[in-house]
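Biologist: Hi! Could you walk me through this structure, one piece at a time?

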Amino acid sequence: MKLEAEVLRGRDNETLPIDRALDFASTGIGSAIVISGGAGAGKSSLLEFAIRKAKAQGFTVLQARGSFAERDLPFGLALRLIESSVYGGNPTAASFLNGWADGVEWHEIDLCAGLDRLRRAFEMLATGTPPLLLAVDNVHWADAPSMRWLSTLPERLDHLPALAIVSVCDGLPGTNPALLEELLFTSTNQVTLSNLGYAATAQMLEDRLGEVPHPAFVAACMQAAEGNPLLLANVVDEITQRKVRPNAAAAVGLPSLVISSLAISTQVRLRRISPNALAVFRAIAVLDGQATIERIAELTAVAPTAVADDCRALTRMGMLANTPQRLRVAQPLVRNAILQESGFAAIQDIHAQAAMMLHADDVAAETVAAHMLVSPIVGQTWAVETLRAAAQSALESGDPATAVLYLQRALREPIQDSLQADIHLDIIAASCRTDIATAARSLARATTLLAPDELCTQLDPEVTTLLVLSGREEAAPLASPAQEYTSRAKSHALRGALFGTGARSVAELQDLVKQLQESAAPSSLAFGFSAKIEVLSSRSLEAAMAEADQATRLTPRSFEDLTGRLIAAHVFTLCGNLARAASVCDEAVNTANRWQDQPSLALALTSRAKVRNQLGSPRDALEDARSAFEIFQQAGINRRSTLAQLCILAMLDPLSDVGEQKEAVLLLENNGLAGSLSTSPHSVDILLHRGRLRIACGFAHEAIGDLEECGKLATEFGTDNPAVAPWRSLLAEAYMREGWHERAQNYADEEVKLARSWGAPTYLGSALRFQALAGPREGRLDLLRESLEQLRGSGASVILAQTLADYGALLSEVEENLHEARQVLREAVELAEYAGVPALAQRGLDALSAAGGRMRRKKKSGLDSLTVSERTVAGLAAAGQTNRNIAKQLFVQQRTVEVHLTNTYRKLGVDGRDQLSRFFS
């Protein structure tokens, strides 16, 4: 009863004709209705609805179901109809049955005599009181005599208080197709059941699962079951058994869901169509969009005319979908079940036949290769050629992961060592964009197949760069000292340039730039290195900006090109141009995503995280950095590698800003960055971030140790620019907390002197703030005012909020300055709250309260209450995007999208995404 009610949701258009027909029949105006639809469309449920409705209105009900097993039993269905009334206590029906055969065996009764007796019996039943409902389910399997009798009923019902309703499954030939067509032709009304829509599917899932399903889950269920009620019920049973929640994460796995019980019922239906229907359906499932009548016939060895008949039946049943000149399985759940039940070996053989047939038909290499992925060894030359061609197409379309699968499959074919080496080189080039571990394994194999000189000549130079940055330096092959110097020097320079401090010496970096300029055309990498040299040597902010600008003007075509642009973005940040840095990072993220290059995407996200944190958006920065770290892990990049450490450092400051210092400490400990460090350029950055975190955690003494070592290394590497490593200001803060004010003032004064020389307003403003806090009280207000002048308009909103909080608190100490102090502190609190830095906001509120003030603002409502990220995600959801698509479009994890939407629903006071559109109209 429950399933019936669920199936009838959204079926008002189908139940209305039945309601009307019952009302007319009760007044003496009879009719006949045929309920038609594909397998599992809900015909039986709709018929049961009619039976219950009729019984409630006092009808006498005759009901029976056509039986495939009894389809050859003459008058079998008709007699079961009469018997159903006998069981209900109808004396007329009992009398008829007693005199039915009149001493003659039932199978020997003359057809005409039997039809006449049935006619008279029906008229007796129908002309009595109460009115009569005759209901037959699966009438297509009725025996021929009963079908003939039923086909005569519609013409006899006009003036009888009776209604006949039968259900028929589209596509099944039935016992007698001609009689079935006659019945359909003579029936007064036909009710055709279509697939359930979104609303009915969502309601059915909610009723069965006891909770509101996620829209993405509803959409996935509709796609997997094509809105078929029976299949949807199977989905619900399966996920209930597996204890799966109907959320967005579960939606991802639905297309590949296999429900074993479906295979048995589907096979039974297919065999009832014809002896060949199962083989035909299996072939269509394997060909998957490339099925034609001719190809199916070749795969199954069935005559094309028989294949066409079966396909027509399957289409009418709703199991196949017609596309221009192609056939495909309409319901992925059914396709999965049949393929699973067929057995791996059998499916392998069909895929092998399909691959050879499609290759002979000159079908696209990718289509043929997709079949070869699950087929046994072909052993022919064309197989390897096709797989390599498909891999190249996949790379060109931005799908390196699939390209690797095709190439790995090619290695299973019997081929010579030289060809193996070429394929391994192809795998290295493709997998460097998706899985560094796979690249390293193929490289190890290639070293056994090629001489070192030959390998180095054929290998893409970027492979060495990626291996070094990914923590697999030992795997990088080199052939000559000259090549070794250039390649490894470039990799180490990249390592340093990506961190704040650069190479071991500016002179070493200059030598490398000179070599790059002499050996190739101008590149983003060379310009990026040149810009970084200007910053490291503190020579000219304008020159650094000009070189960085050149780096961004060249179109990126490789990982190194993109890295050059990201170095330029870092230079823009160090020069105080945060808006330009953010723009370059956004472009880099889009480019890497278009390439489907995972290391490039993660590096771009890491760089954007650093810029976003500088801009005062720590939560957005944290999202980027976490996404990048997950991508690095999936790509097989070592946690101790340069790329992974970059990402870890990009998380530390945002975590500290949003009050998650414990998580930041654990991040350092779990990744080997909490203890002693080796002497290297990027140790400066690790010590700098670790020192800042320890100050935030209240461990000033430990922070002093880190920052003193940081300063020692920075000086050793020739890095005095406070934009690169502002260790003096942080050391001054740590000294102040320990009560060493003279030392603090000396370091703060030196930082301001260097920052003035460099000229970047963000870093000068920050240095002035620390100088004010470390210096004598009489000069603090002037220094803080100058700091604010530098910071306003810089985009560095968190640093600005810190300075405002300090300035307001200092102003409030003098009574005549209280009004100005309150205004300043309110601005500090607003900036801190908008940035999501709770500790800073609370500090401002405490100072404001001490100054006798309070926040005078209206509570934000509607879209104004959302963060930038929440508003972006909500806008895409309101436009109909799924969580999966939103995550892909914004380059974040799907869980992040779900969190933003949950916060949005709470702030806007809505229950789900379907209510968002009114806010974005």
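Biologist: Let's start with the sheet: how many strands form it, and in what order?

Modeller: Happy to help! One thing to keep in mind is that this is a predicted model. Five strands make up an open sheet, ordered β2-β3-β4-β1-β5, and their pairing is parallel.

Biologist: What holds strands in a sheet together, in general?

Modeller: Strands of a sheet pair through hydrogen bonds of the backbone, and the pairing can be parallel or antiparallel.

Biologist: Back to ours, then. Which strands stand at the edges?

Modeller: Those are β2 (60–65) and β5 (189–192). Each has a single partner strand, so one side of each is left without a neighbour in the sheet.

Biologist: And by how many degrees are neighbouring strands turned against each other?

Modeller: On average it is 15°, ignoring direction.

Biologist: Let's zoom in on β1. How many bridges join β1 to β4?

Modeller: There are seven bridges between β1 (residues 31–37) and β4 (residues 162–169), and the two strands run parallel. For example, Ile33 of β1 stands opposite Ile165 in β4, and Ile35 has Ser167 of β4 as its bridge partner.

Biologist: What about β1 and β5?

Modeller: β1 pairs with β5 in the parallel sense too, over four bridges. Within that pairing, Val34 has Gln190 in β5 as its bridge partner.

Biologist: Are the residues of β1 buried or exposed?

Modeller: Seven of the seven residues in β1 are buried. Both faces are covered: one side has Ser31, Ile33, Ile35 and Gly37, while the other has Ala32, Val34 and Ser36.

Biologist: Which helix lies across β1?

Modeller: Helix α3 (residues 43–56) does, and α3 also lies across β2, β3 (132–137), β4 and β5. Relative to β3, α3 runs at about 165°.

Biologist: New topic! How do α41 and α42 cross?

Modeller: The axes of α41 (residues 780–791) and α42 (residues 797–811) come within 10 Å and cross at roughly 150°. Angles over 145 degrees count as roughly antiparallel, so α41 is roughly antiparallel to α42. Their crossing is left-handed.

Biologist: Which residues meet there?

Modeller: From α41, they include Leu781, Leu784, Leu788 and Leu791, along with Arg780 and Arg785. On the α42 side, among them are Ile799, Leu800, Leu804, Asp806, Tyr807 and Leu810.

Biologist: How does that contact split by class?

Modeller: The contact of α41 with α42 has ten nonpolar, two polar and three charged residues.

Methods: Residues numbered from 1 in each chain as written. Predicted model: local features only at pLDDT ≥ 70, side-chain atom pairs only at ≥ 80, totals over all residues. Heavy atoms only, no water. Axes fitted to C-alpha atoms, helices over the stretch in contact; angles between N-to-C directions. Parallel < 35°, antiparallel > 145°, perpendicular 65-115°, else oblique. Left-handed = near helix turned anticlockwise from the far one by under 90°. Contact = heavy atoms within 4.5 Å. Nonpolar A, V, L, I, M, F, W, Y, C, P; charged D, E, K, R; others polar. Pairing = 2+ DSSP bridges. Buried < 20%, exposed > 50% of the residue type's maximum accessible area, 1.4 Å probe, protein only.
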